[in-house]
Amino acid sequence: KHSYGHSSTILRNVVWLSPIAIEKKPKTVEISFFESKAGQLKFQIYSPDTTNQGDGERTLHSQGLVEFNGNKSQPSVDVEHFARCCKRPLEISRFYEHMVSLGLEHGPAYRGIEQFAVGEDSSGVPCAQALVTLPDNAISLLEFELHPSLADAAAQGGLGLVLGAEAAQRGGLGNSGHPNLPFSLEVAEVFSPLTKEVRVFA
């Protein structure tokens with residue numbers, strides 16, 4: 001849904017509680033919205049019990065809040081700062097191979113990172129920048145304001161930051177033994193629909 005008439009759309013306190021497992025048969029997933037007293041929209045993503053032995057209970061997969069902001073101006077990013085700090089490129093093919101070795105395999109529509117580099121600022125704080133493009137076999141860009149393929153690749157950029165720090169310490173890509181997956185999001189603000197090519201800074 002597009003937030004026409006608003007400067008930005010804000011997602012708050014988003015929690016991913018349970019994965020949606022799709023096997024041989026299609027799965028029904030429903031989204032509900034509830035208006036709160038504070039003027040926010042609360043959303044829930046869930047799947048109903050469709051088994052013959054089910055008791056009618058549903059599985060809650062995710063929930064959070066949506067706000068519309070009509071006043072806040074769009075923040076700027078010091079691109080030159082990240083260009084100075086992020087000097088160590090990360091080989092993209094090795095990055096995704098490493099994810100597979102940890103049990104996390106991204107399909108073609110979710111392998112959007114084209115370039116990735118990590119480093120540290122003058123205080124030693126890790127930073128990263130990535131070029132993300134919409135894969136050719138992904139769903140049309142016009143269907144979303146926050147496209148899932150691009151948003152997922154941006155989250156992968158944060159994961160790459162962790163792997164880059166490990167690589168600097170271990171002299172290789174690193175191997176934590178398990179993937180570091182996000183399970184909650186404090187806040188995300190969307191000022192305009194994403195384009196086919198975006199830059200990610202962390």
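Contact here means heavy atoms within 4.5 Å. I am working with a predicted model, and I start my notebook with one residue.

**Entry: threonine 133**

I looked up threonine 133 and found it in strand E7. Which residues is threonine 133 in contact with, leaving aside its neighbours within four places in sequence? I noted Gly112, Glu114, Leu150, Lys196 and Glu197. With glutamate 114 there is also a polar contact between the side chains, at 3.1 Å. Next I checked the accessibility of threonine 133: it is 17% in relative terms, and buried means under 20%, so this residue counts as buried.

**Entry: aromatic pairs**

I then turned to the rings. Two rings pair if their centres lie within 6.5 Å, and by this rule I have two aromatic pairs to write down. One is formed by phenylalanine 82 and phenylalanine 201, with centres 4.9 Å apart. Why is this pair tilted? The planes stand at 45 degrees, and stacked needs under 30 while edge-to-face needs over 60, so tilted is what remains.

I also asked where the two partners sit. Phenylalanine 82 belongs to helix H1 (residues 79-85) and phenylalanine 201 to strand E9 (residues 197-201). They are 119 residues apart, so I noted that the pair links distant parts of the chain. Buried or exposed? Phenylalanine 82 has 13% relative accessibility and is therefore buried, whereas phenylalanine 201, at 25%, counts as partly exposed.

My other pair is phenylalanine 95 with tyrosine 96. Their centres are 5.1 Å apart and there are 70 degrees between the planes, which makes the pair edge-to-face. I found both phenylalanine 95 and tyrosine 96 buried.

**Entry: a charge over a ring**

While looking at rings, I came across tyrosine 46. The charged end of arginine 58 sits over the ring of tyrosine 46, at 3.8 Å from the ring centre.

**Entry: nonpolar cores**

In soluble globular proteins, nonpolar side chains tend to be buried together. I went looking for such groups here. The largest nonpolar core has 20 residues. Which of them touch the most other members? I listed Phe95, Ile113, Phe116 and Val132, and I had already met Phe95 in an aromatic pair.

Which elements give two or more residues to this core? They are helix H2 (92-101), strand E6 (113-120), strand E7 (126-133), helix H3 (148-170) and E9. H2 gives the most, with four residues.

I closed with a second, separate core of five residues, including Phe82, Cys86, Ala117 and Cys127. Phe82 was familiar too, from its pair with phenylalanine 201.

Technical notes
Residues are numbered from 1 along each chain as its sequence is written. This is a predicted model: local features need pLDDT of at least 70, side-chain atom pairs count only at pLDDT 80 or more; totals for chains, interfaces and linings use all residues. Side-chain values use heavy atoms; hydrogens and water are left out. Rings of Phe, Tyr and Trp (its six-membered ring) pair if their centres lie within 6.5 Å; planes under 30 degrees apart count as stacked, over 60 as edge-to-face and the rest as tilted. Buried means under 20% relative accessible area, exposed over 50%, partly exposed in between (1.4 Å probe, protein chains only). A charge sits over a ring if NZ of Lys or CZ of Arg is within 6 Å of the ring centre and within 35 degrees of the ring normal. A nonpolar core is a set of buried Ala, Val, Leu, Ile, Met, Phe, Trp, Tyr and Cys residues joined through side-chain atoms within 4.5 Å. A polar contact is a pair of N or O atoms within 3.5 Å; within protein, one must be able to donate a hydrogen and the other to accept it, and residues adjacent in sequence count only if both atoms are side-chain atoms.
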